[in-house]
Amino acid sequence: MKNKKKIIIIASIVVFILAIISTIILVAKTNKKENITKDEINSLYIAEKLEYEINTEVKNTELLDSEKNEKEGFIIITEEENLDTSKLGENTYKFEYKDKTEQERQQEVVYNIVDTTKPEIEVEENISITIGEDFDINKYTKVSDNSNEELEITVEGEYDINKVGEYTI
């Protein structure tokens, strides 16, 4: 009978210890938080849209989620200004701000400049030239593009300025 009591007491202790360990694990999982660094907590909130058309007017403040930053107590020190949207591809802009503890910080934001607008090309429908006359396509066309890059017009197709005929170019 003594052995039976010992076994019951030991089993009760083991069950009690297992219950405590299970509770600790459950609480730890419930309260588990991501490992967030101090810098991440004090980082500015960035806007969702960070892609802009080339040569458009975009303010630096459009890179930020101003509402969230204000709500979190961030103070943007950098003055509002236009971004450089003249270069295609990734660009970087650096903000200076004060975090929640009023510590001055800097943060870079990467934004992308794209050109999704096709050039506008106007061509005379029918072009006539005199036999032997030099043919310069630029005299008969007008091209414009929002990229402000100098566009070169090239002629594809075969033609002979010394031979009468109709040519599709």
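Biologist: Which residue forms a salt bridge with Lys87?

Modeller: Keep in mind that this is a predicted model. Lys87 is partly exposed, at 48% relative accessibility, and its partner is partly exposed too, at 33%. The closest N and O atoms of the pair are 2.8 Å apart, and a salt bridge needs them within 4 Å. So by that cut-off the partner of Lys87 is Asp84.

Biologist: How many salt bridges does the count come to?

Modeller: Besides Lys87 with Asp84, there's Lys100 with Glu72. Arg105 and Asp99 make a salt bridge as well. The count comes to three.

Biologist: How many residues apart are Lys100 and Glu72?

Modeller: The side chains of Lys100 and Glu72 meet at 3.1 Å, N to O. This pair links distant parts of the chain: Lys100 sits in the loop between strand 3 (89-98) and strand 4 (104-114), while Glu72 sits in the loop between helix 3 (66-71) and strand 2 (75-76). Along the chain they are 28 residues apart.

Biologist: Is Glu72 buried, exposed or partly exposed?

Modeller: Buried would mean under 20% relative accessible area, and exposed would mean over 50%. Glu72 comes out at 29%. Its partner Lys100 has 40%, which also counts as partly exposed. Therefore Glu72 goes down as partly exposed.

Biologist: And what about Arg105 and Asp99, buried or exposed?

Modeller: Their side chains meet in a salt bridge at 2.6 Å, N to O. For a residue to count as buried, its relative accessible area has to be under 20%. Arg105 falls in that class, and so does Asp99: buried.

Biologist: Let's move on to pockets. Which residues are the closest to the centre of the largest pocket?

Modeller: The largest pocket has a volume of about 670 Å³. It is lined by 24 residues, and the closest to its centre are Ile127, Ser128, Phe135, Tyr167 and Ile169.

Biologist: How many nonpolar residues are in the lining of the largest pocket?

Modeller: Sorted by class, the lining holds six charged residues and five polar ones. The nonpolar residues number 13.

Biologist: Now the surface. What is the accessible area of the nonpolar patch that includes Phe16?

Modeller: Phe16 is found in helix 1 (residues 2-30), and at 55% relative accessibility it counts as exposed. A patch takes in residues with over 30%, so Phe16 passes that cut-off. Other members of the patch include Ile9, Ile13, Val14, Leu18 and Ile25, and together the patch residues have about 1,000 Å².

Key: Residues are numbered from 1 along each chain as its sequence is written. This is a predicted model: local features need pLDDT of at least 70, side-chain atom pairs count only at pLDDT 80 or more; totals for chains, interfaces and linings use all residues. Side-chain values use heavy atoms; hydrogens and water are left out. Helices (H or I, at least four residues) and strands (E, at least two) are DSSP runs, numbered from the N terminus. Buried means under 20% relative accessible area, exposed over 50%, partly exposed in between (1.4 Å probe, protein chains only). On a 1 Å grid over the protein atoms alone, a cavity is a set of points where a 1.4 Å probe fits but cannot get out, and a pocket is an open set with protein on both sides within 12 Å along at least five of seven lines; lining residues have an atom within 4 Å of a point. Grid points are joined across faces, edges and corners, and a volume is the space filled by probe spheres set on the points. Ala, Val, Leu, Ile, Met, Phe, Trp, Tyr, Cys and Pro count as nonpolar, Asp, Glu, Lys and Arg as charged, and the others, Gly among them, as polar. Patches are made of residues with over 30% relative accessible area and no salt bridge: like charges are joined within 9 Å, nonpolar side chains (Val, Leu, Ile, Met, Phe, Trp, Tyr) within 5 Å. Accessible areas come from the Shrake-Rupley method with a 1.4 Å probe; for residues, only the protein chains shown count as cover.
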